[in-house]
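Colleague: I'd like to go through this one slowly, question by question. Please show me the picture before we start.

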Amino acid sequence: MYDIINDAATAYRGVIPADRWRNPYMSREELDHEIRDGIIFWGYEENGLLTGVMGIQDRGDVTLIRHAYVATEHQRKGVGASLLSMLLGQTDNPVLIGTWADAFWAVKFYEKHGFHTVSPEEKDRLLRRYWKIPERQVETSVVLADKKYRNSVPHTGNSAFRNIHA
Ligand SMILES: CC(C)(COP(=O)(O)OP(=O)(O)OC[C@H]1O[C@@H](n2cnc3c(N)ncnc32)[C@H](O)[C@@H]1OP(=O)(O)O)[C@@H](O)C(=O)NCCC(=O)NCCS
């Protein structure tokens, strides 16, 4: 897992803000911490070789997809799609995914699976509520939401829900 994450994360080099890039991108201690924090990782194996990993984290009223990484030489062959659909089948909750705003390929990948980017205000609110990440990462990230989440958010604007018995 550690090797796949840090190999796949080389895609971020020169793309995400320089002050956010590290090598290795995720240390073994950080990975252990994420697992202790409740992220359940699943792997995709081909002929006994692990080629991709993806995590799922229950956060009560929503489920997060965390840390999606496919080994560089196995990318764009459907591994990510297989992992994502397997994980989405594990929850009935609305699903949210956060990624770097500049990782256009990841945004495209999630959009292909029915996720839409939420507004910048909603993104800030969601990242602060459901993730434990530094403010700088909140600034430089986007959040994508599935249809269930989008349908669960009441419309804003001139319409509102009112308790007519009150
Ligand atoms: C994002 C990622 C998990 C997707 O897994 P994958 O196995 O490569 O994706 P799939 O083969 O299932 O789907 C491919 C689709 O994803 C998008 N995509 C993936 N990599 C892309 C790239 N380098 N450039 C453009 N689009 C890309 C495209 O929509 C692509 O469809 P296309 O090939 O028809 O254009 C994987 O590419 C990866 O590990 N990337 C580097 C790390 C990363 O960005 N992780 C996301 C963290 S939230």
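Modeller: A definition to begin with: two strands count as paired if DSSP finds at least two bridges between them. Keep in mind, too, that this is a predicted model.

Colleague: Got it. Which residue of strand 2 does Phe41 stand opposite?

Modeller: Start with the pair of strands. Strand 1 and strand 2 are joined by seven bridges and run antiparallel. They form a hairpin, with two residues between them. Across from Phe41, in strand 2, stands Gly55.

Colleague: And which residue in that turn has a positive phi?

Modeller: Most residues other than glycine have a negative phi. The one to look for sits in the loop between strand 1 and strand 2, and its phi is near 50° even though it isn't a glycine. That residue is Asn47.

Colleague: Is Asn47 buried or exposed?

Modeller: Count its neighbours. A residue with 12 or fewer other C-beta atoms within 10 Å is called exposed. Asn47 has 5 C-beta neighbours inside 10 Å, so it counts as exposed.

Colleague: What about the loop between strand 3 and helix 3: which residue there has a positive phi without being a glycine?

Modeller: In that loop you'll find a phi near 65°. This residue has 10 C-beta neighbours inside 10 Å, so it counts as exposed. The name you want is Arg76.

Colleague: Which residues are joined by a cis peptide bond?

Modeller: Most peptide bonds are trans. Here's one with omega of about 0°. Its proline is in the loop between helix 1 and helix 2. The two residues are Asn23 and Pro24.

Colleague: Back to the sheet. In what order do the six strands come?

Modeller: Strands of a sheet pair through backbone hydrogen bonds, either parallel or antiparallel. This sheet has mixed pairing: strand 2 and strand 3 are antiparallel, with six bridges, while strand 3 and strand 4 run parallel. The edges are strand 1 and strand 5, each pairing on one side only. The sheet is open, and the order is 1-2-3-4-6-5.

Colleague: How many bridges join strand 4 to strand 6?

Modeller: For one example of a partner pair there, look at Ile97, which is matched with Leu144 in strand 6. The two strands run antiparallel, and the number of bridges is five.

Colleague: What handedness does the unit made of strand 3, helix 3 and strand 4 have?

Modeller: Its two strands run parallel and share three bridges. Together with helix 3 they make a β-α-β unit. The handedness of that unit is right-handed.

Colleague: Why is strand 4 largely enclosed by the rest of the structure?

Modeller: The strand covers residues 95–100, six in number. One of its residues, Leu96, is in contact with Val62, Leu64, Leu126, Tyr130, Val143, Ala145 and Tyr149, leaving aside neighbours within four places in sequence. Strand 4 is largely enclosed because, of its six residues, the number buried is five.

Colleague: Which residue in strand 4 is the bridge partner of Leu64?

Modeller: Leu64 belongs to strand 3. It is buried because 22 other C-beta atoms lie within 10 Å, and the cut-off for buried is 20 or more. Setting aside residues up to four places away in sequence, Leu64 touches Gln57, Arg59, Leu96, Ile97 and Tyr130. Its bridge partner in strand 4 is Leu96.

Colleague: Which element gives the largest share of the largest nonpolar core?

Modeller: That core has 29 residues, and those with the most contacts inside it are Met54, Ile65, Leu96, Ile97 and Val143. Several elements give two or more residues to it, including helix 1, strand 2, helix 5 and strand 6. The largest share is five residues, and it comes from strand 3.

Colleague: Last one: which element gives the largest share of the shell around the ligand?

Modeller: Of the 20 residues around the ligand, the nearest are Gln75, Gly80, Ala81, Trp105 and Phe109. Strand 3, helix 3 and helix 4 each give two or more residues to the shell. By class, the shell has twelve nonpolar, four polar and four charged residues. The largest share, five residues, comes from helix 4.

Definitions and conventions. Residues numbered from 1 in each chain as written. Predicted model: local features only at pLDDT ≥ 70, side-chain atom pairs only at ≥ 80, totals over all residues. Near = placed C-beta within 6 Å. Helix = DSSP H or I, 4+ residues; strand = E, 2+ residues; numbered from the N terminus. Nonpolar A, V, L, I, M, F, W, Y, C, P; charged D, E, K, R; others polar. Right-handed = clockwise from strand over helix to strand, strands pointing away. Core = buried A, V, L, I, M, F, W, Y, C linked by C-beta atoms within 7 Å. Contact = placed C-beta atoms within 7 Å.
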